Amino acid sequence: MLVHHLDKLKPDEISKLAEGIDVSAHLLRGLLKNLLEWATSQAGLLNFNPTHFNLRQLAIEVIELLNDHITKKKLLINNTIGEEITVHGDKNMLHSVLRNLLGNAIKFSKASDSITLACLTTLSEIQVSVVDNGIGMSQQIKEKLFRIDCKHSTPGTANEQGTGLGLLLCKEFVEKHAGRIEVESEESKGTTFTFSLPNTAPSAEWYNQ
């Protein structure tokens with residue numbers, strides 16, 4: 001439309017088309033990133049470089065990355081992760097985990113909904129949660145989420161599409177950190193994804209598994 005009919009389009013029509021292109025490009029980038037990360041992981045070529053870093057700052061980076069989708073749905077994001085919280089892990093992998101979990105929450109949230117990023121620390125672990133009050137899911141869908149033999153991808157509230165690989169990546173990356181990932185959800189009442197990481201760095205033997 002822009003290439004062939006630019007001279008016939010009104011400014012508001014051009015703006016609407018450009019907005020659609022921008023959103024589609026960002027969605028496609030996310031899908032391709034998941035595919036590349038999954039392929040690299042399965043080939044054993046994904047580098048694992050654990051360091052200490054600030055968890056709240058990582059969450060801020062992920063929120064900024066997904067800001068176009070957040071703005072499009074007029075969502076409220078509450079980042080309640082404490083400024084002092086640091087974790088020991090591979091920053092790129094945990095960025096991918098947060099990106100996918102927040103992306104899922106955005107995907108299944110309705111316009112003007114709110115999403116909360118929260119963190120609870122104990123002596124043994126750090127628990128990070130992404131909580132939405134979107135459309136939720138049934139028990140049958142929950143049971144398929146982390147299974148490679150049950151490819152599952154549900155369109156979002158704005159008909160956003162996915163590959164079904166995002167949550168599989170989350171599970172693999174969290175388990176690489178000697179952690180675990182869980183989900184609680186109820187139809188029409190929202191979803192909470194929580195992943196837990198050890199509060200101390202795992203042994204070198206664990207990382208070399």
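## Strands β2 and β4

In strand β4, I115 is the bridge partner of I77. This is a predicted model. The bridge belongs to a parallel pairing: β2, residues 76-79, and β4, residues 114-121, run together over four bridges.

Which residues of β2 are buried? I77 and N79 are, and they point to one face of the strand. L76 and N78 point to the other face and are not buried. So the side chains alternate along β2, and I77, the partner of I115, sits on the buried side.

## Helix α5

Helix α5 covers residues 91-107. How many of its 17 residues are buried? The count is 13, so α5 is largely enclosed by the rest of the structure.

The length of α5 can be checked. At 1.5 Å a residue, its 17 residues should span 24 Å. The C-alpha atoms at its ends are 24 Å apart, which agrees. At the start of α5, D90 makes a polar contact: one of its side-chain oxygens comes to within 3.0 Å of the backbone nitrogen of N92.

## The β6-β7 hairpin

Strand β6 takes in residues 180-186. Strand β7 takes in residues 190-198. The two pair in the antiparallel sense, over seven bridges. One of the bridge partnerships joins V183 to F193 in β7.

The two strands form a hairpin, with three residues between them. In the turn sits S188, whose phi is positive, at about 70°. S188 is not a glycine. At 63% relative accessibility, S188 counts as exposed.

β6 has two faces. I181, V183 and S185 lie on the covered face. R180, E182, E184 and E186 lie on the uncovered one.

## S185 in β6

S185 belongs to strand β6. Is S185 buried or exposed? Its relative accessible area is 14%, which is under the 20% cut-off, so S185 is buried.

The side chain of S185 makes polar contacts with backbone atoms. It reaches the backbone nitrogen of M137 at 2.9 Å. A polar atom of the same side chain lies 3.1 Å from the backbone oxygen of G190. Neighbours within four places in sequence aside, S185 is in contact with G136, M137, K142, G190 and T191. M137 and G190 therefore appear both as contacts of S185 and as its polar partners.

## S129 in β5

S129 is found in strand β5, residues 125-132. At 14% relative accessibility, S129 counts as buried.

Which side chain joins S129 in a polar contact of 2.8 Å? The partner is the side chain of T194. Residues up to four places away in sequence aside, S129 touches T116, L117, A118, T192, F193 and T194. S129 and S196 are 67 residues apart along the chain, and their C-alpha atoms are separated by 8.8 Å.

## An aromatic pair

The model holds one aromatic pair. The rings of F146 and F193 have centres 6.4 Å apart and planes at 90°, so the pair is edge-to-face. F146 lies in the loop between α6 (139-142) and α7 (166-176), while F193 lies in strand β7, so the pair ties together parts that are 47 residues apart in sequence. Both F146 and F193 are buried.

F193 turns up elsewhere too. F193 is the bridge partner of V183. F193 is also one of the residues touched by S129.

Another ring has a charge over it. K176 lies over the face of F48, at 5.2 Å from the ring centre.

## A178, before β6

A178 lies in the loop between α7 and β6. What is the sign of its phi? It is positive, at about 65°, although A178 is not a glycine. At 30% relative accessibility, A178 counts as partly exposed.

## L17 in α2

L17 lies in helix α2, residues 11-42. At 28% relative accessibility, L17 counts as partly exposed.

L17 meets the start of the chain. L17 and M1 are 16 residues apart in sequence, and their C-alpha atoms are 8.2 Å apart in space. Not counting residues up to four places away in sequence, L17 touches M1, L2 and L9.

How values were computed. Residues are numbered from 1 along each chain as its sequence is written. This is a predicted model: local features need pLDDT of at least 70, side-chain atom pairs count only at pLDDT 80 or more; totals for chains, interfaces and linings use all residues. Side-chain values use heavy atoms; hydrogens and water are left out. Buried means under 20% relative accessible area, exposed over 50%, partly exposed in between (1.4 Å probe, protein chains only). Two strands pair if DSSP finds at least two bridges between them. Rings of Phe, Tyr and Trp (its six-membered ring) pair if their centres lie within 6.5 Å; planes under 30 degrees apart count as stacked, over 60 as edge-to-face and the rest as tilted. A charge sits over a ring if NZ of Lys or CZ of Arg is within 6 Å of the ring centre and within 35 degrees of the ring normal. A polar contact is a pair of N or O atoms within 3.5 Å; within protein, one must be able to donate a hydrogen and the other to accept it, and residues adjacent in sequence count only if both atoms are side-chain atoms. Contact means heavy atoms within 4.5 Å. The expected span of a helix is 1.5 Å times one less than its number of residues.
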